[in-house]
Structure formats: structure tokens, C-alpha cells
Amino acid sequence: MANQNNTNQKVISPKLYIETYGCQMNIADSEVVVSVLQDKGYSVTEDINNADIILINTCSIRENAEQRVWGRLDVFKQIKKKNPAVKVGIIGCMAERLKEKLLEEEKIVDLVVGPDAYRELPSLLEEVDSGQKAVNVILSKEETYADINPVRLDKNRISAFISIMRGCNNMCSYCIVPYVRGAERSRDPKTILNEANDLFQKGYKEITLIGQNVDSYLWQDEEHHKSVSFAQLLESVAKISQDLRIRFSTSHPKDMSDEVLYVMAMYNNICNHIHLPAQSGSTRILEKMKRGYTREWYLDRIKAIKRILPDCAITTDLMTGFPGETEEDHQETLRLMKEVNYDLAFMFKYSERPGTYAARHLKDDVKESEKTRRLTEIIDLQNKLSEKSKREDLGKVFEVLVEGISKKSKDHFFGRNSQNKVVVFPRLNYKVGDYVEVEIIDCTSATLIGEVATKH
Ligand code: 5AD
Ligand code: SF4
């Protein structure tokens, strides 16, 4: 397909610049988008000023995620002023939520495409080329992009995401995801295994299986009257090679089964890390959040992890200031954090999302200043817990997968251990992609510092 650039010459390969916000799913989706467009002759540029098409893959999870995108649109406006031929497209979750507003209020936006319509991008871009605005935000019950081979946009060529399912059926009362990403659907395991095998053949050493709720992955093979659960899928991927590390995210406390934990215990190459979002430590609040579990249930899952996988890192997501959250509820969250001893947590203030159950039925009644105070308290506590978790690693030896050169020192590599903690150590003769046994000798607030372990 041909396009015009700003010097009015015909270019054979229109240049696509893509920027990605939000979760791992969005990162994986951008790789699908690039694959779809490369197949039609587009090429990727990292220089926004050199682009014929600018796409921004957006997130709606909290208001500030959307604010960031509005800010970027102001920047794109300036670029379009200089070069009116450049096309601007909003894709992803905000496209789904705000298509009218984007098209009506943002004159610079030419294209609005939701997460299930990326196959249509080439034809939608043709519409744009003919001078129209193009929109497709239809959500699908089937689309998993199973047959699309994503173009990896990461730089290190060592680790990659594989999307195993899309959408979400949980309907947590605060959450926009089911509205912007649609119903849950699982991807054909054969295509997942092909993709994983292919990555391993290309030299990748780490794969993260991703989905909004991986524990409810379920593939029904109607033809053969068979089904594949997440535990079974995980085992099949782990069997590809001992040299291929497997991670997964995100688990849901209501669905995380012991079966998955036993599979993890059986395979050394499945990493010892579980991200198990708690959101709150108060059963009363969990009920209002419609999370489907109590504090006791959550702690029972933690107990199972610690029993079956004693070296497993546990990380979480927590929210402060959900409607009706009292000081006592907040204290319960702090107590839960101490009881679990999280290695890391992502912590947020509740942000009301229009259209969700909470927005329609619950008053956003915790004052902003109170949300901030509670958030500061949980962040301060988590900093202490994270530091403690790192100090406990001193003297231990971990297998580290080398990812790249440390930002702070050219003579050091950084990589991750099985628990997903970043480890920095001297380069010596190792190279990116090697597994190295490293003994931890020190730590900073974010990093473990080690030296290559001498063989015993
Ligand atoms: N407000 C604040 N945080 C939210 N999250 C999801 N929805 C909201 C919201 N409306 C957080 C949850 C989730 C993480 C991805 O984002 O903690 O686990
Ligand atoms: Fe953001 Fe959720 Fe969309 Fe991911 S799925 S980009 S977290 S709104």
C-alpha cells in the first residue's frame, strides 16, 4: 500500500510509530498490531517525527492512566500541526470507553480501534487514507488472535509475553476491564505451544503466560470431548525445555488451585513467583468489591503457596479508599500485608470508573486526603517489607537469567532470579541470555547485589 509523506513523495512502506500504556496485555496487543500491519507493508519507526501513522495503545484502569494519554494527545497535536499528513489512531481500552469523546472533541484523532478489532486495522487505515475517520470498537466473544505471530518489540530478545486468554468475567465492582475488553475467552493451547516453541527456537529464554485471570483458563475441545486447564497448559509449556523459564500473571485468589502449585513444584523452570492481588484485607470491603473471596480464604491460599512452594515470592495489588472503607478496614489491610510478608506490591488509590457497579451504586465517599494518607501508610509498610525480603536473601545463591547491562555500571549485568527480583553482578565472560549462579552479598532498596558463586 502506498502513502504520502511530508515531502509529497510516494513511500512504499508507511512508517508506524506505536506507544503503549497500561498492562502486559497491552504490550502483547501492540505486538499483534505491529504484526497485522507489517503483513500489509507497514514498517515500525521509533522516531515519532518520522511517522506516517502514530498509534497510542491506551489504558482506562484508573483516571490518571487516561490523563496521561490526554497529555500525549496534546503532543501529537503539535506534530500534526507541523505535518498534517500524519495520521493519529487511539487503540485499546480508552478507544473502547471513549470513542465518541475522542472523535468529537479531539480533532486530531483519525482512527479509534478497540482491543478486539486489530485485524481490521489495515482496512480502517485505508478508510482514513480516503479522508474519513474510521472506528471499530466491536467486542468479540471469540477473538484471541491465536493465529497471529506477534512481532516482538522488546529489545533484549530474551523474554516475551504470550497472551493465553482475553477479557474477563469477574465483574469486580470497581473494574473497567470487562467493559473495555469484553468477556473471557481462552486461546487454543496448540497455538500457545507453537508460539512458545518458536520463541525458544529463536533463542528466547523466558516466557510469561498472560491473561486477566490465568487460573480460569479453560480450553474446551468440543471435537475430542477434551478440555485443558491452566495447570495442564502450564505443564505442557514447562516441558518444552529445562532452559526455558516460565512465568505467568495474573492469578485470582478465588480460582488459584493447589493443582497449579503442584505443577510449579514439579518443574524447576516454572518460576517461584505468584502475583496474587488481594486488593483489601477486609472481608467487608472484599464483599463490596465483589471479589468472590474473604480474608480467610485469601490467607488460606497464601498458606498453600508457602506450604507447597516454600521459596516462592508473593506479590500483590492493593487499593485504598474504596467506597465505605473505614479506618478499621484499612488497618486490616496493613495487618494482612504483615501476615503475608509481600515481596513487592503495587498500590493504588481507588479511582471511580464510570459505568462500573461501584460507580453506579456506591458513593466514592473516602476523602481524597484520607485516600492519600492510607496509600502513604501502605507504601511505607511495603517498603519495609520489601527491604526485609531482600535482606533475607543475603548469602543465598540464585540462578539469574542475564537480561542486559546494568544502568549504573557498564561492568555489571542485571537479570532476575526465579522470584523475579532484580540481581546485579559483575559481567566477567557471561553474555545476555546466560543462566548464572549468583551469591547475594548486598542489596539496595530495589536491587540485590551479588557475585558469581564459586562452584561447591
Ligand atoms: N481504581 C484503582 N485501582 C484499580 N485497579 C483496578 N481498578 C481500579 C480502580 N478503579 C487496580 C487493582 C488491579 C490493578 C491492575 O489495578 O489493584 O489489580
Ligand atoms: Fe489498563 Fe485494564 Fe486495559 Fe490493561 S486491560 S490496559 S490494565 S484497562
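## Surface and overall form

Accessible areas here come from the Shrake-Rupley method with a 1.4 Å probe. By that method, the surface of this protein comes to about 20900 Å², and carbon and sulfur atoms hold 50% of that area. Please keep in mind as you read that this is a predicted model.

How does the radius of gyration fit the chain length? A compact globule of 456 residues would have a radius of gyration near 23 Å, and the protein has 23 Å, so the value agrees with a compact globule. Along its principal axes, the C-alpha trace spans about 65 × 60 × 55 Å.

## Inside the fold

Buried residues account for 55% of the 456 residues. The contacts tell you about the chain's path too: of those with a separation of 6 or more, 71% link residues 24 or more positions apart.

The charges are worth a look as well. There are 65 positive and 69 negative charges in the protein, and the mean positions of the two sets lie 3 Å apart.

## The parallel sheet

In total, the secondary structure comprises 14 helices and 23 strands. Six of the strands build an open sheet, and you can trace them in the order β4-β3-β5-β6-β7-β8, with parallel pairing. The edges belong to β4 (43-44) and β8 (134-136); each has a single partner strand, so one side of each is left without a neighbour in the sheet.

At the β4 edge, strand β3 (residues 15-20) runs parallel to β4 and is joined to it by 2 bridges. To find this pairing on your screen, look for K15, which stands opposite S43 in β4.

## A hairpin to find

For an antiparallel example, turn to strand β13 (residues 218-221) and strand β14 (residues 226-229), which pair over 4 bridges. Within this pair, W219 of the hairpin faces V228 in β14.

What lies between the strands of β13 and β14? The hairpin has 4 residues there, and H225 takes a positive phi near 50°.

## Two buried acidic residues

E206 belongs to strand β12 (residues 206-210). Is E206 buried or exposed? Its relative accessible area is 5%, and because buried means under 20%, E206 counts as buried. Beyond its neighbours within four places in sequence, E206 is in contact with I158, S159, A160, L244, R245, R247 and L401. Among these partners are two arginines, R245 and R247.

D329 sits in helix α12 (residues 327-340). With a relative accessibility of 4%, D329 is buried. Setting aside residues up to four places away in sequence, D329 touches S282, R284, I285 and G324.

## A partly exposed arginine

R62 is placed in the loop between β5 (53-58) and α2 (63-82), and β5 is also one of the strands of the open sheet described above. How much of R62 can be reached from outside? Its relative accessible area is 21%, and since partly exposed runs between 20% and 50%, R62 falls in that class.

Which residues does R62 contact, once its neighbours within four places in sequence are left aside? They are F348, K349, S351 and R353. If you would like a distance to check in your viewer, take R62 and H273: these residues are 211 apart along the chain, and their C-alpha atoms are separated by 26 Å.

How values were computed. Residues numbered from 1 in each chain as written. Chains lettered and ligands numbered in written order. Predicted model: local features only at pLDDT ≥ 70, side-chain atom pairs only at ≥ 80, totals over all residues. Heavy atoms only, no water. Rg over C-alpha atoms; globule rule 2.2 N^0.38 Å. Buried < 20%, exposed > 50% of the residue type's maximum accessible area, 1.4 Å probe, protein only. Contact = heavy atoms within 4.5 Å. Lys, Arg positive; Asp, Glu negative; His and termini not counted. Charge placed at Lys NZ, Arg CZ, Asp CG, Glu CD. Pairing = 2+ DSSP bridges.
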